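Here are a few exercises to work through with the model open beside you. Try each task before reading its solution.

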Amino acid sequence: MAQAQTANARNEDEAVGRSISYVFATDLGSGIYDLDGRTLQIYQFWYRKNLREATPEKFGVRFELPVTFGFFDFKPIDVLSHGIPTRVDSFSVVPGLALDYIVGDDWHVMPYARAGFSVASSSVDGWLFGAGLRVERTTDFHGWDSFVRTDLAFAGANYRADIPNDSFARLRQGFDLRRGLGWKIREREVELGIYGIFDVVLDSPAEPLSQDDGSVIQAEFGFTFSTRPRFRIWRWDAPRLGFGYRLAGELTTWRFVIGQPF
C-alpha cells in the first residue's frame, strides 16, 4: 500500500511538472485543468472584508482572500453519485487589497494587487502574484438583482521547482442575475441565479487542457441556486450551487459551480 501511494504521488508530481496552468485558478476561476493526461478540477472560495467603506467623497479599502482547492480526476457529474471529494490535491491562498472608488451612477472602480502561494504536490509549488482593475455595479434589472463586472487581470507565478516561470492576462465581462422564486425551505426563499461570462485571453498560461493553447475568446453560461437569507455554515454563508457550460474550443466543458460564478 505504501509503494502504491508513493507511485501515485510520483505520478502526480510528474503531471504537475508538465502542465502548470492550474496555478492561475485564482484568476481563471473554477474549472478543469489538464496535468499531462490527468485532470485537476479547481473550485474557488472568497473571503472579503471592507476595511474602510467607500463613499462618493473618499475611496474605500477592501481585504480580499481567494482560496482554491483542486481534486485530481474529478468530474462534476461525480457530485451526484459520490458527493463532494474529501481529499484535496491542490491548494492556493493569495491575499490582497483592493481600493474602491465610486464614480458616476454607483459604479465601483477597483484597482487591486495580491500575492500568495500555491501547492499541488511535494515537489511543485510556487509564489503567486497578480494585479488588475475591476469595474462593477449592483442594481435592479426588471425585478432581478443585477451584478455586472468588467475585469482586466494580470497574474504571474514563480516556481520553486526547476520549471519556467509563467504569466497570463485576461479581459473579462460578466453578468449575474438573481431573484427569489417564492418557494421556501425552512422559511428561507429559494433564489435562482443566471450568469454569463465572456473572456478575451490576451496571454494564455502554458499547457492548458488540450494540446492547443485554447481559444482567445471564450464564454460561459450557467445557473445557480441558493436561499434568501443564506443558510449559515459556522460563520459563513452557505455557497451558491449550480452548473455552468464553458465554450472554449477544445477546452469546452461543464463545471460544477460552488460560490460566486465569477
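## Exercise 1: A hairpin and its two faces

Strand 5 and strand 6 make a hairpin with 3 residues between them, and G104 in the turn has a positive phi of about 55°. This is a predicted model, so let us begin where its confidence is highest: among the elements of the protein, strand 5 has the top mean pLDDT, at 97.

**Task.** Describe how strand 5 pairs with strand 6, and sort the residues of strand 5 by face.

**Solution.**
- Step 1: find the direction. Strand 5 and strand 6 (residues 107–119) run antiparallel, joined by 6 bridges.
- Step 2: pick one bridge. L97 has A113 as its partner in strand 6.
- Step 3: recall the general pattern. Side chains in a regular strand alternate between the two faces of the sheet.
- Step 4: apply the pattern to residues 96–103. G96, A98, D100 and I102 form the covered face, while L97, L99, Y101 and V103 form the uncovered one.

## Exercise 2: Charged pairs between strands

**Task.** For the salt bridges of R149, D151 and R246, find each partner, then decide whether the residues are buried or exposed.

**Solution.**
- Step 1: keep the principle in mind. Oppositely charged side chains can pair when their charged atoms come close.
- Step 2: take R149. Its side chain meets that of E136 in a salt bridge of 2.9 Å, N to O. R149 belongs to strand 8 (residues 144–159) and E136 to strand 7 (residues 125–141), and the two are 13 residues apart. Both R149 and E136 are buried.
- Step 3: take D151. Its partner is R170, with 3.3 Å between the closest N and O atoms. Because D151 sits in strand 8 and R170 in strand 9 (residues 166–185), the pair ties together parts that are 19 residues apart in sequence. D151 and R170 are both buried.
- Step 4: take R246. Its partner is D199, the closest N and O atoms being 2.4 Å apart. This pair links strand 14 (residues 241–247), which holds R246, to strand 10 (residues 188–203), which holds D199, across 47 residues.
- Step 5: classify the last pair. Buried means under 20% relative accessible area. R246, at 15%, therefore counts as buried, and so does D199, at 2%.
- Step 6: widen the view. The protein has 16 salt bridges in total, and R48, R62, E64, R114, R134, E136 and R149 are linked in a network of them.

## Exercise 3: A glycine in strand 8

**Task.** Is G156 buried or exposed, and how far is its C-alpha atom from that of A169?

**Solution.**
- Step 1: locate G156, which lies in strand 8.
- Step 2: check its accessibility. G156 has a relative accessible area of 2%, so G156 is buried.
- Step 3: compare positions. The C-alpha atoms of G156 and A169 are 9.0 Å apart, with the residues 13 apart along the chain.

## Exercise 4: Confidence along the chain

**Task.** Which element has the lowest mean pLDDT, and how many contacts does the model have for residues 12–20 beyond four places in sequence?

**Solution.**
- Step 1: start with the average. The protein has a mean pLDDT of 79, and 70% of the residues score at least 70.
- Step 2: find the minimum. Helix 1 (residues 2–18) has the lowest mean, 46. Residues 1–5 fall below 50 and have 0 contacts beyond near neighbours in sequence.
- Step 3: look further along. Residues 12–20 also stay under 50, and the model has 28 contacts for them beyond four places in sequence.
- Step 4: draw the lesson. Predicted coordinates should not be read in detail where pLDDT is low.

Methods. Residues numbered from 1 in each chain as written. Predicted model: local features only at pLDDT ≥ 70, side-chain atom pairs only at ≥ 80, totals over all residues. Heavy atoms only, no water. Buried < 20%, exposed > 50% of the residue type's maximum accessible area, 1.4 Å probe, protein only. Helix = DSSP H or I, 4+ residues; strand = E, 2+ residues; numbered from the N terminus. Pairing = 2+ DSSP bridges. Salt bridge = Lys/Arg side-chain N within 4 Å of Asp/Glu carboxyl O. pLDDT = per-residue confidence, 0-100. Contact = heavy atoms within 4.5 Å.
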